[in-house]
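This report describes the fold of one protein chain, moving from its surface to its interior. Please keep the sequence and the structure in view while reading.

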Amino acid sequence: MTIKNSLMTSGACLAVLLLATGPAFAQDAAPAEQAAPEQAAAGEDTVVVVTGLRKSFQSATDIKRKSAQIVDSIVAEDIGKLPDTNIAETLQRIPGVQIARNTRGEGNAYVVHGLKQVMTTLNGRLLFTNANRSATLLDFSADILSGVDVYKTATADQIEGGLGGLINIHAARPFDFKGFRASATVAANYSDIHDEVTPRLSGIVSNRWQTSHGEFGALLGFQYEQIDSGGYQTGTNAYVNRNDLYDLNGDGHVNSANGADIIQIPTNAKAQYERGERRRGALYSSMQWRPNDDLTLYTDLLWTYSGGHSSTKVLTVKYAAADGAIAGPITLKPGTNIVDTATFTNPIVQVQQGFSDNPYNNYNAAFGGKYHHDHLTVGAELSFQRSAGPFYSRSIVLQGRAPKATIGLSGDQPDINLNGFDATNPANFAYASYSDLGQRTNGKETVAKIDVRYDFDKGPLTAVLGGLYYSEHIANNNVYSVSFSPSNSSIRVPLSAVTELTPNDLFDGKNSSLNQWITVKRDILAQMRDTRVLVGVSPNDQAYPLNNAYNYNEKITGAYLEAMFAFDSLPVPIDGNIGVRQVHTDGVNHVYQVATATTPNAIKDSDGKYYTAVSGGKPYDNLLPSLNVRARFTEDLFLRLAYSKAISRPEFGNLSPALVLNNNGTGSGGNPALEPVKADQYDASLEYYFGGSNMLALSLFQKNVTGFIQKFAVTEEINGTSYQISRPRNAGTGDIKGYEVSYQQFFDFLPGYWSGLGVQANYTYVDSALSVLGQSYTAAAEQLSKNSYNVTGIYEKGPVSMHLSYNWRDKYIQTTSGDSFNRPLMVAPLESLDFSATYKLNERMSIKFDAVNLTKAFQHQYYGPSPLATVTNASGDYSAPLLPTLANQLDHSFEIGFHYAY
């Protein structure tokens, strides 16, 4: 691996340079240190010039300290210098935020205070992806941003929609800088699994000018990057009961007539190589005009592109009863009826090559201004956003049979051993199927708002705020999904001409009995038309069925009133804000459902199928009060208390009025009458600040949630007939509570170069109890770890800046009903160790080395026993991975970059 060796050598040289020059920095700093006593003798304060990483920590601390609510922030050292390549990865360093990772190890989802219903805004404007309410932050580069704020409590002037909190992403404007500003970053990123180097480029130029018509400012920025990632794994599907495999009761034969021989076993096992390539680009501009001291006008424009591609190479061994496999030797886990190892004769072996494309664009435009004169401030903004793009997925499956296969489930890594079968030989396989899925999504939003503030000279009422808000959101989605078999498709060339071998290194540091097999060539699957031609079907997209589409239109009107107060004459001065936000939501979903030729107003599509148009929706109002109070014991010691009501609106796809009725008295559909999930939120935070960037904080929180949306069936009368109708409904309740501890300090008091040391650490504990659909017990919130922490060791002195960050989160529930036994699908504890080092060549230029996932972490999933389970391990520990279902090695990468700022 010459590429890897080259990057690693460069990184090692940089690290050696940094460490070797450390004492020299202390010598360079000696004159300033010697001058300090003279300044002290003269009664002067020592001036510490704060730059680099420490400056970003201090800026984040200042935001938290001065905020009117509880907030945590990350501020970039410079544009293009946030510590991670995507925003989700950056968020994991904030207390109370936990991220989930996809199978390639990329951070792609997050929860705040235990809830995944989180609002994301860009400069205060809602950010979303395609036909979703929220943004997929994996698709936005961190290089275009100047900082991220996570608001843990609400104020009346912030838009509603998040239960866990509100995440606001900052993009810079020209008046943020004193004058001319230019910066650029050029980096090369190496993915260990890909064994390839990809570029990352970004830059901005900004300036402001005084003219006879006032002051003008303009900022232009760009970003482009190629992020490669990968994951290698073995896994199984869900466990089921089988009574045709094993003589459990020892009567001398397998008895399929009763439950005496029931054992639990998955019906297939797989090994998989996955690779992802993501191309992200952005162009953005911001212009500001200040014609006089009272008025500032602006326009912000942002275009982002995300071109995601993912390919999977999967080998699956299938041995369900219908697959014709014959059971051989089977062993059970001691004291249980759960399979430990199993051998099957003549099982099906399938190899699959899959490929997906997800290219889409986001367009954002905002026009606004702020007028400030004396005590009055008025702001207004009109903004537009559109997010659109298709999703395509396709796969070709080849199939054969192995003489024998042994499935091992004794550890946390499922294992496959094929006996007497060469999975690398195309002659052992034949074409089995082709599947094709297409999706078209689009989201559009127009927002108009006005905000007014009046400040008073004297308290206790210091300011009054009010505003009006209007938005119109349109989301539409359409999907087709088709499958072809040898009866209507085929590969008419020898498989040896269109197949290739997978890599031969399934895991790093772990043994796997199966490492390599054949699949159809990835380059064929990467081209949709080539794939379709290969299997003999139409090269064009399939028809999009009308009943797989929805078109949702939502209008929201809102108004708020907020008062800011300060009681400075009290023994303990108190300040804060109190307000209320009133919102009215009116949404209508337009869909088609299957009909007959005799259905009134039925229409017929090109395939001769009949549909009828159906519309539905329910308007609702919400009154959302909020209160934030700060008690200032000293200038550096605060106690914050907060209360608020919050809502999270239903996803658009759940609001469909379509209904499908079956002949057996059942039916299914969406629910246009869904209401938002609601929460009463209580927060407290004790914060102590000492020094410019040093801070210690303890926060407590509790959220009482009602109306969680769950899908279940109840009896409904349809045209005089009773049906069991399954719909998403507002039903679930639950409580989430916990605390956070945050600590940050730079050790300036240490002698010499040791004074460059610092530490940032936080710990979060969250306890949750949410109702589980169809069960009488509660469970922890999905994707929420009870314990998580971050520890970052920092060294910054002279031109050197280094930090080593360790992130750990406890096990958590991926889904509460992972299998037919209502066992939760669990994710084992996960860790990440990242390193970053920067060396400033001069005041304008620096070089940087980053290493991500140095521990080469593995992600493990398993089925954990539910409270209804009758089987536990010997110690009775329900957290033990009794039923392993996935072992996934996450990618790790290295990056070397050059940054220039003027």
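## A nonpolar patch on the surface

Together, Tyr 371, Leu 376, Ile 450, Val 452, Tyr 454, Phe 456, Leu 461 and Leu 468 make up a nonpolar patch on the surface, and their combined accessible area is about 640 Å². Two elements give two or more residues to this patch, namely strand E21 (430–455) and strand E22 (461–484). E21 provides the largest share, three residues. Ile 450 has its place in strand E21. This residue counts as partly exposed because its relative accessibility is 35%, which lies between the limits of 20% and 50%. The model under discussion is a predicted one.

## The chain as a whole

The protein chain contains five helices and 46 strands. Of its 902 residues, 53% are buried. The accessible surface of the chain amounts to about 37700 Å², and carbon and sulfur atoms account for 56% of that area. Among the contacts with a separation of 6 or more, 72% are between residues 24 or more positions apart.

## Nonpolar cores

In soluble globular proteins, nonpolar side chains tend to be buried together. Which residues have the most contacts inside the largest nonpolar core? They are Leu 315, Ile 396, Leu 398, Leu 418 and Ile 491, in a core of 55 residues. Leaving out residues up to four places away in sequence, Ile 491 touches Ile 396, Leu 398, Tyr 431, Val 498, Leu 534 and Val 535. There is also a second, separate core, which has 25 residues and includes Ile 94, Ile 169, Phe 177 and Ile 204.

## Salt bridges

Side chains of opposite charge can pair when their charged atoms come close. The structure holds 39 salt bridges. The table presents three of them, with the distance between nitrogen and oxygen.

| Salt bridge | N to O distance |
|---|---|
| Arg 453 and Asp 455 | 3.0 Å |
| Asp 541 and Arg 532 | 3.1 Å |
| Arg 632 and Asp 575 | 3.4 Å |

The surroundings of these residues may be described pair by pair. Arg 453 is partly exposed, with a relative accessible area of 30%, and Asp 455 is also partly exposed, at 21% relative accessibility. In the pair of Asp 541 and Arg 532, the aspartate counts as partly exposed at 32% relative accessibility, whereas Arg 532 counts as buried because its relative accessibility is 2%.

The salt bridge between Arg 632 and Asp 575 links distant parts of the chain: Arg 632 is in strand E29 (residues 620–632) and Asp 575 is in strand E26 (residues 574–594), 57 residues apart. Both Arg 632 and Asp 575 are buried. Elsewhere, Lys 64, Asp 72, Lys 152, Arg 640, Glu 687 and Glu 740 are joined into one network by salt bridges that share partners.

## An open sheet

Strands of a sheet pair through backbone hydrogen bonds, either parallel or antiparallel. One open sheet in this structure has five strands in the order E1-E6-E7-E4-E5, and its pairing is mixed. Strand E1 (71–75) and strand E5 (125–126) are the edge strands, each pairing on one side only. E1 runs antiparallel to strand E6 (residues 147–151), and five bridges join the two. Within this pairing, Val 148 in E6 is the bridge partner of Ile 74.

## Two residues and their contacts

Where does Ala 68 lie? Ala 68 is found in the loop between helix H2 (52–66) and E1. With a relative accessibility of 35%, Ala 68 counts as partly exposed. Apart from neighbours within four places in sequence, Ala 68 is in contact with Asn 577, Asn 628 and Arg 640. Ala 68 and Arg 640 are 572 residues apart in sequence, yet their C-alpha atoms are 9.3 Å apart in space. Arg 640 is also one of the members of the salt-bridge network.

Is Asn 364 buried or exposed? At 12% relative accessibility, Asn 364 counts as buried, because the value falls under the limit of 20%. Asn 364 has its place in strand E17 (residues 348–373). Beyond its neighbours within four places in sequence, Asn 364 is in contact with Leu 127, Asp 300, Leu 301, Leu 302, Phe 384 and Gln 385.

Note on methods: Residues numbered from 1 in each chain as written. Predicted model: local features only at pLDDT ≥ 70, side-chain atom pairs only at ≥ 80, totals over all residues. Heavy atoms only, no water. Core = buried A, V, L, I, M, F, W, Y, C linked by side-chain atoms within 4.5 Å. Buried < 20%, exposed > 50% of the residue type's maximum accessible area, 1.4 Å probe, protein only. Contact = heavy atoms within 4.5 Å. Salt bridge = Lys/Arg side-chain N within 4 Å of Asp/Glu carboxyl O. Helix = DSSP H or I, 4+ residues; strand = E, 2+ residues; numbered from the N terminus. Patch = residues over 30% accessible without salt bridge, like charges linked within 9 Å, V, L, I, M, F, W, Y side chains within 5 Å. Areas by Shrake-Rupley, 256 points an atom, 1.4 Å probe, with all protein chains shown as cover. Pairing = 2+ DSSP bridges.
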